[in-house]
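Please look over the sequence and the 3D structure shown here before reading on. The report is written for a reader who is new to protein structure.

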Amino acid sequence: LNVGTLYSARISAMNAEGLSYPTVTSPSELAPPPQKPDVPTSVRLINPGSGTTLRVLWMSPESDGGSDITKYKIEWDSSESFENPFAYEYVAATDSCSTSACTHTIYGLEQGVPVFARIFSYNKHGFSVVAASSEPASLSPLAPPTSPQNVKV
């Protein structure tokens, strides 16, 4: 059901003799109330190859809860349970993550240490009840190897 869209229902009883005339519900129309948004979709964690950064990409949630998404909260931690997460709030323009992925780069990471990331969506009713976890669940920032030095043939 879409938030803000009015819906109506009619109910009929049925037995071996057939169907009764339908009764209209009371109230005759009802719309789902505005609510917190769903979680962001297509959350990905990628390694840009610097050795100390990772990039998080995501798309807007399937439902905005009836109000515009105005920001996202990105959390990351070296613990899967997010015991001491770092966080960043990404302010979003209306529909900014619906046609192309939004992105945030996480700086200052330690090379080779796995990082877990998750994202919440926000509208005027609050943050999504749960967060969307990244795919893969964790990733370690790594840099390409440096060129060999002092090679003698």
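What follows is a description of strands, core, disulfide, pocket and unusual backbone geometry, in that order.

The structure is a predicted model, and the description of its strands can begin with strand S10. Strand S10 (115-123) is mostly covered, with seven of its nine residues buried. The table lists strands that pair with S10.

| Partner of S10 | Direction | Bridges | A bridge pair |
|---|---|---|---|
| S7 | antiparallel | seven | Asp77 and Phe116 |
| S12 (residues 132-139) | antiparallel | four | Ile119 and Ala132 |
| S11 (residues 126-127) | antiparallel | two | Tyr122 and Phe127 |

The link between S10 and S11 is a hairpin, which passes through two residues. Another antiparallel pair is made by strand S6 (residues 54-59) and S9, which are joined by five bridges; within this pair, Val56 has His104 of S9 as its bridge partner. Strand S9 (residues 102-106) is largely enclosed by the rest of the structure, because four of its five residues are buried.

Several of these strands also meet in the interior. In soluble globular proteins, nonpolar side chains tend to be buried together. The largest nonpolar core here has 18 residues, and those that touch the most other members are Val56, Trp58, Tyr72 and Ile119. Two or more residues of this core come from each of the strands S5 (41-46), S6, S7 (71-77), S9 and S10. Two residues already met in the strand pairs are thus found again among these well-connected core members: Val56, which is bridged to His104, and Ile119, which is bridged to Ala132 in S12.

How many disulfides does a search of the whole structure find? The search finds one, and this link is formed by Cys97 and Cys102, with their sulfur atoms 1.8 Å apart. A disulfide is a covalent bond between the sulfur atoms of two cysteines. The link of Cys97 and Cys102 is left-handed, with a value of -90 degrees about the S-S bond, and both of these cysteines are buried.

The next feature is open space. The largest pocket holds about 150 Å³. Its lining is made up of 15 residues, among which Ser60, Asp64, Ile69, Asp95 and Ser98 are the closest to the centre of the pocket. By residue class, this lining is mixed, with six nonpolar, five polar and four charged residues.

The last features concern the backbone. Most residues other than glycine have a negative phi, and most peptide bonds are trans. Against this background, the bond from Ser26 to Pro27 is cis, with omega near 0 degrees, and Pro27 is placed in the loop between strand S4 (23-24) and S5. A cis peptide bond also joins Glu135 and Pro136, where omega is about -5 degrees; Pro136, however, is found in strand S12.

Two residues that are not glycine deserve attention for their phi values. Phe82, in the loop between S7 and strand S8 (86-91), has a positive phi of about 55 degrees, while Asn150, in the segment after S12, has a phi near 50 degrees. Is each of them buried or exposed? Phe82 has a relative accessible area of 10%, which is under the 20% limit, and therefore counts as buried. Asn150 has a relative accessibility of 72%, which is over the 50% limit, so this residue counts as exposed.

Notes:
Residues numbered from 1 in each chain as written. Predicted model: local features only at pLDDT ≥ 70, side-chain atom pairs only at ≥ 80, totals over all residues. Heavy atoms only, no water. 1 Å grid on protein atoms, 1.4 Å probe; cavity = no way out; pocket = protein on both sides within 12 Å on 5 of 7 lines; lining within 4 Å. Points joined across faces, edges and corners; volume = space filled by probe spheres on them. Nonpolar A, V, L, I, M, F, W, Y, C, P; charged D, E, K, R; others polar. Disulfide = S-S within 2.5 Å. Buried < 20%, exposed > 50% of the residue type's maximum accessible area, 1.4 Å probe, protein only. Pairing = 2+ DSSP bridges. Core = buried A, V, L, I, M, F, W, Y, C linked by side-chain atoms within 4.5 Å.
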